[in-house]
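Please open the model in your viewer and keep the selection tool at hand. The tour begins at the ligand and works outwards.

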Amino acid sequence: MATSTERRVLRYLPEQRLVHWLGVASVLTLLVTGLALLWGPLSFLAWGGVSTLLHRGAALLFVALPVAYFVLNRTKGQELLKEIVTYNREDWEWLKGFPAYFLGRTTHLPKQGRLNAGQKLHHLGTFLAFIAVTVSGLLLWFAKGQLGGAGLAATAAVHDVAMLAVTILIIGHVYFTFVYGALPSMTTGYVSEEYARLEHARWLEEVGADSPASDAAGAPQSVTGD
Ligand code: HEM
């Protein structure tokens with residue numbers, strides 16, 4: 001918890017946080033309504049067709065969100081896409097130390113940029129699963145009649161496996177959020193300087209540079225604490 005004199009670093013802009021939390025709402029709605037459609041014991045949640053409607057509504061939101069991210073802030077969208085496919089030697093070293101990171105230790109790890117290697121892989125996995133869920137979901141919605149028996153089964157399998165992958169990724173994502181106390185970055189938009197040094201030391205060095213560009217990207221600021 002930041003004290004009143006502790007310096008904080010801006011990490012996420014309001015539009016990034018808005019898209020993130022709408023994403024959480026849509027994914028959770030898709031999961032619950034999807035399970036109600038798929039799994040007999042949960043069919044009581046289907047509420048006479050309401051869950052199908054909710055599933056499709058949440059799917060539209062889900063598909064629209066990456067577009068919204070780019071429309072609201074193209075620079076941040078491009079930055080995210082570039083980062084999740086760019087890995088350097090320090091990232092591989094970081095991944096070798098992942099077992100200890102999993103248990104909450106970072107002291108042995110190389111300095112990381114805005115995203116650590118684990119976050120890069122998580123976000124990349126989420127993005128790939130997003131594409132698989134979306135394409136298979138659109139086929140199931142609009143082209144069911146043309147798929148044939150085998151095509152329909154294969155498309156449904158891709159849809160379900162990709163959603164299972166999203167679920168596993170979310171569990172890991174939420175686990176690390178709480179192990180490292182990262183939640184304030186997505187609620188207030190700020191993290192403590194101490195957290196930034198522990199998790200993203202190279203990023204802190206970069207945004208700490210006293211230039212107008214780093215101000216826009218999130219230069220350290222003295223802000224009265226939480
Ligand atoms: C209750 C559930 C969730 C919590 C508590 C949570 C928490 C967070 C936090 C704290 C961050 C910022 C980490 C940092 O400092 O970089 C973050 C980023 C992110 N989360 Fe989540 N998250 C949740 C669900 C999800 C879901 C469902 C998805 C997508 C399927 C998702 C995708 C992402 C992505 C892509 C980022 C990076 C955003 C960016 O760089 O612009 N999260 N999340």
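What follows is a short tour of the ligand, its metal site and the residues around it.

The model is predicted, so local features need pLDDT of at least 70 and side-chain atom pairs count only at pLDDT 80 or more, whereas totals for chains, interfaces and linings use all residues. Residues are numbered from 1 along each chain as its sequence is written, and side-chain values use heavy atoms, with hydrogens and water left out.

Select first the iron atom of the ligand, whose protein donors (N, O or S atoms within 2.8 Å of the metal, or 3.2 Å for Na, K and Ca, with water not among the atoms, so that sites may look incomplete) are NE2 of His20 and NE2 of His173, lying 1.9 to 2.0 Å from the iron. Because His20 belongs to helix H1 and His173 to helix H7 (helices being DSSP runs of H or I with at least four residues), the pair ties together parts that are 153 residues apart in sequence.

Next, display the residues near the ligand (those with a heavy atom within 4 Å of it): 22 residues surround the ligand, and the closest are Arg11, Tyr12, His20, Tyr69 and His173. Helix H1 gives the largest share of this shell, 5 residues.

Finally, select the side chains that offer polar contacts (pairs of N or O atoms within 3.5 Å; within protein, one must be able to donate a hydrogen and the other to accept it, and residues adjacent in sequence count only if both atoms are side-chain atoms). A polar side-chain atom of Ser185 is 3.1 Å from a ligand oxygen atom, while for Arg114 the distance from such an atom to an oxygen atom of the ligand is 3.4 Å. At Gln119, a side-chain N or O atom lies 3.4 Å from an oxygen atom of the ligand.

Definitions and conventions. Helices (H or I, at least four residues) and strands (E, at least two) are DSSP runs, numbered from the N terminus.
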